[in-house]
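Visitor: I would like to learn how to read a structure of this kind, one feature at a time. Could we begin with the packing of helices and work outwards from there?

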Amino acid sequence: MSITELCQDIERRRQEALARRISAYPRHNPIASDLGPCAREYVLAMTKWQDRPLPDPALKARFERGSLIEDAVLRELGALGVQVRTEQTPFEIKDKQGRVVLRGKVDGFITMERTVYPIEVKSLDPNVFRSIEAVEDFEKYPWAAKYPRQLQAYLYAHNLEAGFFLLDDCKGEWRLLPMMLDYAAMEKILTRCEQAVEHRDAGTLPDYHTDPAICRRCWAFGRVCDPPVEYHGL
């Protein structure tokens, strides 16, 4: 085998290994890590989960690298003398009728002076990392805009007032962004989740989102969701 063939063989083996680790999982409730801006998408994610496209091997590799970075970050925090708890125990938030309207699990908890803070580790492309200096900056990127909602859900579910993001630029540089529980923002999140569960149980769908840019970026667009052109100029 030539060196060229060896390199090609290694690349093929990795692509095949990544592909074997890609799979779809049923979703029966909204989840904290995927709180987007559209209630209709929440319902479709539960009722049409099998139609959601799977990540390709390149994206799967990115996810797995992110998990490795997260583990390294939490180990380093421990080495710094920061008390970290990383059981990732799942949580559920229920509505007044006892229905589960939101599920999730936290990366870890920091305990400092008897106060507990949830931590959410995010590994970012270095160019994106440089542009995120405050929690509000996540809004610059559609795929990252859901991050603050995710941490809000963690705070609310565990009855905690504050937590933080720990961002890593994939090269070892960190940025820590604190965030407080926002009850008004959390109420909007829960209202959207409750509506999604009601539609799921009724076999109906909420209205289309009014922003065509959000529709075009959605995995469901053109697959299981087709907003009419006259709805908002799609």
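**Helices, sheet, core and loops**

Guide: Let us start with a pair of helices in this predicted model: helix 5 and helix 6 (residues 183-202) pack at an angle of about 95 degrees, and their axes are 10 Å apart. Because an angle of 65 to 115 degrees counts as roughly perpendicular, helix 5 is roughly perpendicular to helix 6.

Visitor: Which residues of helix 5 and helix 6 make the contact?

Guide: From helix 5 the contact takes R149, Q152, A153 and Y156, and from helix 6 it takes M186, I189, L190 and R192. By class, the residues of this contact divide into 5 nonpolar, 1 polar and 2 charged.

Visitor: Is helix 5 mostly covered or mostly open, and which of its residues are buried?

Guide: Helix 5 is mostly covered, with 9 of its 11 residues buried; the buried ones are Y147, P148, R149, Q150, L151, Q152, A153, Y154 and L155. These buried residues pack against helix 6 and also against strand 2 (90-94), strand 3 (100-105), strand 5, strand 6 and strand 7.

Visitor: How should I read the sheet, and in what order do its strands lie?

Guide: The general idea is that strands of a sheet pair through backbone hydrogen bonds, either parallel or antiparallel. Here 5 strands form an open sheet with mixed pairing, in the order 1-4-5-6-7. Its edge strands, each pairing on one side only, are strand 1 (83-85) and strand 7 (174-180). From one strand to the next the twist averages 30 degrees.

Visitor: How many bridges join strand 6 to strand 7?

Guide: Strand 6 (residues 162-168) and strand 7 run antiparallel and are joined by 7 bridges, and within this pair L166 stands opposite L176 of strand 7.

Visitor: Which strands do helix 3 and helix 5 touch where they pack on the sheet?

Guide: Helix 3 (residues 57-79) touches strand 1, strand 4 (108-112), strand 5 (115-123), strand 6 and strand 7, and its direction makes about 140 degrees with that of strand 5. Helix 5 (residues 147-157) touches strand 5, strand 6 and strand 7, and its direction makes about 140 degrees with that of strand 6.

Visitor: Turning to the interior, how many residues has the largest nonpolar core, and which have the most contacts inside it?

Guide: The largest nonpolar core has 35 residues, and those with the most contacts inside it are L102, F138, F165 and L167. At least two residues each are supplied by helix 2 (39-47), strand 2, strand 3, helix 4 (126-131), helix 5, strand 6, strand 7 and helix 6, while the largest share, 6 residues, comes from helix 6. Apart from this core lies another, of 10 residues, among them V73, V82, I119 and F164.

Visitor: What does L102 touch, leaving out residues up to four places away in sequence?

Guide: On that count, L102 touches P30, I31, A32, L35, F91, E92, I93, A153, M186 and C193.

Visitor: Charged residues interest me as well; are D34 and E41 buried or exposed?

Guide: D34 counts as buried because its relative accessibility is 11%, and E41 counts as buried at 9%, the cut-off for buried being under 20%. D34 is in the loop between helix 1 (3-20) and helix 2, whereas the place of E41 is in helix 2. Leaving out residues up to four places away in sequence, D34 touches R27, E41, Y42, R52 and K146, and E41 touches D34, R52, C218 and W219.

Visitor: Finally, what should I look for in the backbone angle phi of R114 and N159?

Guide: The background is that most residues other than glycine have a negative phi. R114, in the loop between strand 4 and strand 5, has a positive phi near 70 degrees although it is a residue other than glycine. N159, in the loop between helix 5 and strand 6, is not a glycine and has a positive phi of about 55 degrees. R114 is exposed, with a relative accessible area of 84%, and N159 counts as exposed at 66% relative accessibility.

How values were computed: Residues numbered from 1 in each chain as written. Predicted model: local features only at pLDDT ≥ 70, side-chain atom pairs only at ≥ 80, totals over all residues. Heavy atoms only, no water. Pairing = 2+ DSSP bridges. Helix = DSSP H or I, 4+ residues; strand = E, 2+ residues; numbered from the N terminus. Axes fitted to C-alpha atoms, helices over the stretch in contact; angles between N-to-C directions. Contact = heavy atoms within 4.5 Å. Parallel < 35°, antiparallel > 145°, perpendicular 65-115°, else oblique. Nonpolar A, V, L, I, M, F, W, Y, C, P; charged D, E, K, R; others polar. Buried < 20%, exposed > 50% of the residue type's maximum accessible area, 1.4 Å probe, protein only. Core = buried A, V, L, I, M, F, W, Y, C linked by side-chain atoms within 4.5 Å.
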